[in-house]
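Colleague: I'm new to reading protein models. Could you walk me through a few features, one at a time?

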Amino acid sequence: MAVREAVQDEPAVRFSSVRVDLMVIADMVAPRSRVLDVGSGDGALLDLLATTRGCDARGIELSREGVNAGVARGLSVVQGDADVDLAHYPDDAFDYVILSQTLQATRRPRWVMEQMLRIGRRAIVSFPNFGHWRSRFDLLIYGRMPITDNMPYSWYDTPNIHFCTIRDFVALVEVLDARMEKAVALDSSGHPVRFNMPWWVWNLLGEQAVFLLSRND
Amino acid sequence: MENLAEPTAPTTEAEDALARREADQPHSPVVRFGPDRPLRLDAGVALDHVQIAYQTYGEPNAARTNAMLVCHALTGDQHAANANPVTGKPGWWETLVGPGKPIDTERFYVICANVLGGCMGTTGPASLNPATGQPYGLDLPVVTIRDMVNAQAMLLDHLGIERLFCVAGGSMGGMQVLQWAASYPERVFAALPIATAARHSAQNIAFHEVGRQAVMADPEWAGGHYLKQGHTPHRGLAVARMAAHITYMSDQALHRKFGRRLQNRALPTFGFDADFQVESYLRHQGESFVQRFDPNSYLYVTRAMDYFDLAADYDGVLANAFRGSKTRFCVASFTSDWLFPTEDSRAIVHALNASGASVSFTEIDSDKGHDAFLLHEPELFAIAHGFLDSAAKAAGLPAARGR
């Protein structure tokens with residue numbers, strides 16, 4: 001599986017306050033490209049891409065607080081719902097469309113992914129891996145839904161309604177007929193899992209995963 | 001009607017004269033264009049004599065790249081950030097415009113002009129028609145939002161402003177912002193349309209028609225010729241303002257302010273006096289409005305809003321109005337605004353996204369209704385400040401003075 005990448009131990013730019021998956025994502029984005037961050041939160045990734053990559057970075061965010069914080073910081077963010085509003089963007093409007101830690105909270109993950117691959121020439125997706133050994137352990141031994149740093153909610157008040165494992169996601173990529181350009185799994189300490197490991201090891205050791213996809217034109 | 005006007009003191013003749021004087025000789029700088037520079041109107045005719053009254057705040061920089069145009073709403077005027085010469089009240093946007101405020105007059109050269117069709121010094125129905133020496137009345141052609149914007153462009157040419165750093169405005173002012181971005185994309189670096197729409201809704205046209213009918217039902221309106229007859233149809237206009245004022249507020253805001261409280265009495269009078277505080281408040285709004293506004297001007301400016309449908313000029317596709325636009329947009333709406341609801345702003349945002357334009361959009365949580373854009377809304381201030389500050393950096397304008 002050549003798509004799985006050996007990531008440098010030290011990403012090009014390191015911000016102690018920035019989530020490690022955001023740094024992995026930023027490293028996948030070519031400088032000065034046009035980027036749409038779907039579910040941009042408080043704008044941390046937009047800021048990172050604009051300041052370190054010189055990108056024309058725009059965001060779409062559901063929460064009013066997140067949008068207002070971003071706009072007040074001078075970022076280009078629109079209040080909107082990814083499950084609906086992606087339909088309004090034209091084809092190939094962006095070089096990259098990014099979905100970081102948001103896929104599992106969408107109502108229509110497949111539709112969102114299709115839209116991302118339509119709007120952007122490339123899509124970058126990061127998500128928590130429900131197949132991580134800790135999740136399996138919690139279910140198998142305690143019989144309880146897992147609660148971790150990446151998945152901090154109880155089942156009854158979580159915004160996350162569509163959890164998947166790395167293998168599940170790879171299956172969706174095949175259904176979408178998208179091309180996997182890069183894939184990175186991060187272990188619980190934020191380090192990339194060695195690239196020459198088989199998928200089942202990734203699925204067990206990767207606490208989260210980041211995929212760079214493009215259309216199979 | 002009779003009951004409604006009581007127990008108010010009728011507007012004095014002195015106030016009337018003061019307001020009417022503003023139409024021709026305002027307390028503002030004016031620029032006059034003659035037949036050598038006619039203004040072609042959407043109505044298909046040209047105005048050979050156009051006067052534009054305006055105010056400016058701050059100073060232009062050497063390259064004249066720091067100019068901001070502020071567009072006023074239906075019954076606003078050019079006095080955005082100075083005391084109003086007719087009412088003596090503070091400018092209508094002093095919350096946002098001033099030294100150190102989001103529209104920082106220490107940083108930007110801010111221009112605000114009375115709209116075409118207005119009554120505060122820009123050519124409108126109360127202005128003298130040079131052809132007759134009498135007020136235009138209904139002889140003035142109907143004007144549109146685009147006509148207003150074209151008149152503003154003539155003013156900017158006169159002031160030597162080639163390119164605006166930003167155009168900002170709320171409600172009808174926001175319509176002008178959108179029209180500016182569509183008509184003159186190369187002249188607008190950034191645009192801040194607030195609580196507005198790319199087209200006036202059927203419901204809003206309906207409200208305006210109620211207002212116009214109230215004006216025209218006043219016998220003193222005299223077919224629009226009241227100025228020639230030396231009086232003003234105050235009662236009809238006051239009713240129009242009362243009805244309109246309800247649409248500017250939210251149910252929650254009315255309830256918070258007045259509830260069902262009675263006005264200076266413990267029990268209802270079982271009559272049709274203003275028993276409730278909300279009635280008394282509305283009557284006051286109507287009465288104070290007629291002191292400063294020309295009834296015919298109210299007809300013209302409401303009509304301009306009714307006719308506004310930006311997409312109609314672009315094959316019915318709003319995105320085409322912004323195709324290839326390099327302008328940076330920031331669109332804002334308010335949760336409790338039912339006159340220009342968030343869906344209207346979202347339609348603008350969808351069109352801007354479809355056209356590939358740079359846009360920010362936020363819905364601000366407020367219970368103050370449509371009027372929120374004129375009031376103390378810290379979230380709006382933070383957003384306007386953040387947007388303008390980052391746009392100024394992108395435009396190469398120097399940073400704000402430290403405070």
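Modeller: Let's take the chain contact, then the core, then one residue in a loop. Keep in mind that this is a predicted model.

Colleague: Okay, the contact. How many residues does each chain put into it?

Modeller: Chain A gives 16 residues and chain B gives 20 residues. On the side of chain A that touches chain B, α3 (64-72) and β3 (76-79) of chain A are the elements that give two or more residues. The largest share there comes from α3(A), with 5 residues.

Colleague: And what kinds of residues make up that side of chain A?

Modeller: There are 8 nonpolar, 5 polar and 3 charged ones.

Colleague: Now the core. What's the general idea?

Modeller: In soluble globular proteins, nonpolar side chains tend to be buried together. Here the largest nonpolar core has 175 residues, and B:Met68, B:Val70 and B:Cys166 have the most contacts inside it.

Colleague: Which residues does B:Met68 touch?

Modeller: Leaving out residues up to four places away in sequence, its partners include B:Ile103, B:Phe108, B:Tyr109, B:Leu164 and B:Cys166.

Colleague: Last one: where is B:His27?

Modeller: B:His27 is in the loop between α2 (13-24) and β1 (30-33) of chain B.

Colleague: Why is B:His27 called partly exposed?

Modeller: You count neighbours: 20 or more other C-beta atoms within 10 Å would make a residue buried, and 12 or fewer exposed. B:His27 has 18, so B:His27 is partly exposed. Not counting residues up to four places away in sequence, B:His27 touches B:Glu22 and B:Pro85. The C-alpha atoms of B:His27 and B:Thr122 are separated by 12 Å, with the two residues 95 residues apart along the chain.

Note on methods
Residues numbered from 1 in each chain as written. Chains lettered and ligands numbered in written order. Predicted model: local features only at pLDDT ≥ 70, side-chain atom pairs only at ≥ 80, totals over all residues. Contact = placed C-beta atoms within 7 Å. Helix = DSSP H or I, 4+ residues; strand = E, 2+ residues; numbered from the N terminus. Nonpolar A, V, L, I, M, F, W, Y, C, P; charged D, E, K, R; others polar. Core = buried A, V, L, I, M, F, W, Y, C linked by C-beta atoms within 7 Å.
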